[in-house]
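User: I am new to reading protein models and would like to learn how the labels follow from the values. Could we go through a few of them together?

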Amino acid sequence: MATEQEPMTPPEQPGETPSSSQVPAADEQTAALDEMRDRWRRALADLDNLRKRHAKELERVRAEERARTAGAWLPVLDNLERALAHSDSDPSAVLKGVEAVRDQAVEVLRGLGYPRYEETGVPFDPTRHEVVGVVDTPDAEPNTVAQVVSPGYGADGKQLRPAFVVVSKRQE
């Protein structure tokens, strides 16, 4: 009495080759790994392209800002040339012209975000002032600005240059 039975396969032992039922799982893992590698390469390429676009945009903005700043200074330069053209005129008129050009230059700096400051009698502030000298002034409070040698430019953390000042020292 022979009955037909399907042959039984023994369970897999470690170290044996995978059966045909496990091969699709390995193929799926390989496909998933390939997809992840492809996505990683695309992400790297996107990042590289972003860096290049950002560098181009930054250079464009810098060029625009340089042109805007240079354009703001052109009227000052024009007025200096006009003052030089009148150098053989009345000295007081030339002096007034040069003062007007200086005022125009100060206004350009203010428009660019760097207002001029040159106060005396204010407390010394190391973030806004640079000491170039100390003087004993009996009528001034100690550590106050007694004299401004060169004005400072800037405000609110945007300092182009501190004011160069002479400070009163402590009286003893």
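User: How do you know that the span of helix α2 agrees with its 21 residues?

Analyst: The expected span of a helix is 1.5 Å times one less than its number of residues, so the 21 residues of α2 (residues 91-111) should span 30 Å, and the end C-alpha atoms are indeed 30 Å apart, which agrees. Helices here are DSSP runs of H or I with at least four residues, strands are runs of E with at least two, and both are numbered from the N terminus. This is a predicted model, in which local features need pLDDT of at least 70, side-chain atom pairs count only at pLDDT 80 or more, and totals for chains, interfaces and linings use all residues. Residues are numbered from 1 along each chain as its sequence is written, and side-chain values use heavy atoms, leaving out hydrogens and water.

User: Which residues of α2 are buried, and what puts them on the same side?

Analyst: The buried residues of α2 are Val101, Ala105, Val106, Val108 and Leu109. They cover an arc of only 155 degrees around the axis, taken from the directions from the helix axis to the C-beta atoms, and therefore lie on the same side of α2. The face turned away from that buried side carries the exposed residues Lys96 and Gly111.

User: Why is Leu47 called partly exposed?

Analyst: Buried means under 20% relative accessible area and exposed over 50%, with partly exposed in between (1.4 Å probe, protein chains only); Leu47 has 37% relative accessibility, so it counts as partly exposed. Leu47 lies in helix α1 (residues 23-85).
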